[in-house]
Amino acid sequence: MKDMNYYDTFIQVAEDCPISEAIIPKVKGESKTIPVIQYEMLSNHPYRYTQEDVLFEVFAERNQISEQERATAREKFFSKGQPCLRTSSLGKRYGWGIHHDANGKVAIYAVESEEYVKLMNDRGIAQCKAMRSKRA
């Protein structure tokens, strides 16, 4: 399996992100939404998880995959292409920038925060934007 993590990269909010201050995604109905799970993982444990960890944990939680089945399920999950965190609603709709450190570990920063601005202006790391919600 090819590693799909980013390293030393900052994903800025999308050009068409509709807000100027980050908001915390809310649970809708019975189960947690993808942005809620991603937000909880990354805000509660900054720089603990890689992009791959986040993507798989969301899949595993939403599909109720047991701990015993996770290693096999993870291999199968990544045997097909998966969308990266540039497609996450955190950066597209909720106003969170996503920083990947030198080890590929991930943390999120509110678009209005000083940390976000510092990362956005850091020329020592790769810069990209979250995917747009609508076509240009």
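**Helix packing and an aromatic cluster**

The buried residues of helix α1 pack against four elements: α2, α4 (89-92), β2 (96-100) and β3 (106-110). That is my starting point. Keep in mind that this is a predicted model.

So who are these residues? Helix α1 covers residues 34-44, and its buried residues are P35, V36, I37, Q38, Y39, M41 and L42.

Take α2 as the partner. How do α1 and α2 pack? Their angle is about 130 degrees, and their axes are 10 Å apart. The two helices are therefore oblique to each other. The crossing of α1 past α2 is right-handed. On the α1 side, the contact uses I34, I37, Q38, M41 and L42. On the α2 side, D53, V54, E57, V58, E61 and R62 meet them. By class, that contact has six nonpolar residues, one polar and four charged.

Now α4. Look at S89, which is found in this helix. Is S89 buried or exposed? Its relative accessibility is 14%, under the 20% cut-off, so S89 counts as buried. Setting aside neighbours within four places in sequence, S89 is in contact with P35 and Y94. P35 is one of the buried residues of α1.

Next, the other side of the story: α2 with α3. Helix α2 runs over residues 51-62, and helix α3 over residues 70-79. They pack at an angle of about 115 degrees, with axes 11 Å apart. The two are therefore roughly perpendicular to each other. This crossing, too, is right-handed. Which residues make the contact? From α2 we have E52, D53, L55, F56, E57, F59, A60 and E61. From α3 come R70, A73, R74, F77 and F78. By class, the contact of α2 with α3 has seven nonpolar residues, no polar ones and six charged.

On to the aromatics. The count comes to six aromatic pairs. Start with F56 and F59. Their ring centres are 6.1 Å apart and their planes sit at 40 degrees, so the pair is tilted. Both lie in helix α2, three residues apart, so about one helical turn separates them. How accessible is each one? F56 has 2% relative accessibility, so F56 counts as buried. F59, with a relative accessible area of 29%, is partly exposed.

F56 has another partner, F77. That pair is edge-to-face: 5.8 Å centre to centre, with 65 degrees between the planes. F56 is in α2 and F77 is in α3, so this pair ties together parts 21 residues apart in sequence. F77 is buried, as is F56. Put it together: F56, F59, F77 and F78 form one aromatic cluster. Each of these four residues also appears in the contact of α2 with α3.

Last stop: K105. Where is K105? In the loop between β2 and β3. Its relative accessible area is 26%, so K105 is partly exposed. What does K105 touch? Beyond neighbours within four places in sequence, its contacts are Y47, R48, Y49, T50, H99 and H100. Compare that with E15. K105 and E15 are 90 residues apart in sequence, and their C-alpha atoms are 24 Å apart in space.

To recap. Helix α1 meets α2 obliquely. Helices α2 and α3 are roughly perpendicular. F56, F59, F77 and F78 make up one aromatic cluster.

Terms used: Residues are numbered from 1 along each chain as its sequence is written. This is a predicted model: local features need pLDDT of at least 70, side-chain atom pairs count only at pLDDT 80 or more; totals for chains, interfaces and linings use all residues. Side-chain values use heavy atoms; hydrogens and water are left out. Axes are lines fitted to C-alpha atoms, for helices over the stretch in contact, and angles run from 0 to 180 degrees between N-to-C directions. Angles under 35 degrees count as roughly parallel, over 145 as roughly antiparallel, 65 to 115 as roughly perpendicular and the rest as oblique. A crossing is left-handed if the near helix is turned anticlockwise from the far one by less than a right angle, and right-handed if clockwise. Contact means heavy atoms within 4.5 Å. Ala, Val, Leu, Ile, Met, Phe, Trp, Tyr, Cys and Pro count as nonpolar, Asp, Glu, Lys and Arg as charged, and the others, Gly among them, as polar. Rings of Phe, Tyr and Trp (its six-membered ring) pair if their centres lie within 6.5 Å; planes under 30 degrees apart count as stacked, over 60 as edge-to-face and the rest as tilted. Buried means under 20% relative accessible area, exposed over 50%, partly exposed in between (1.4 Å probe, protein chains only).
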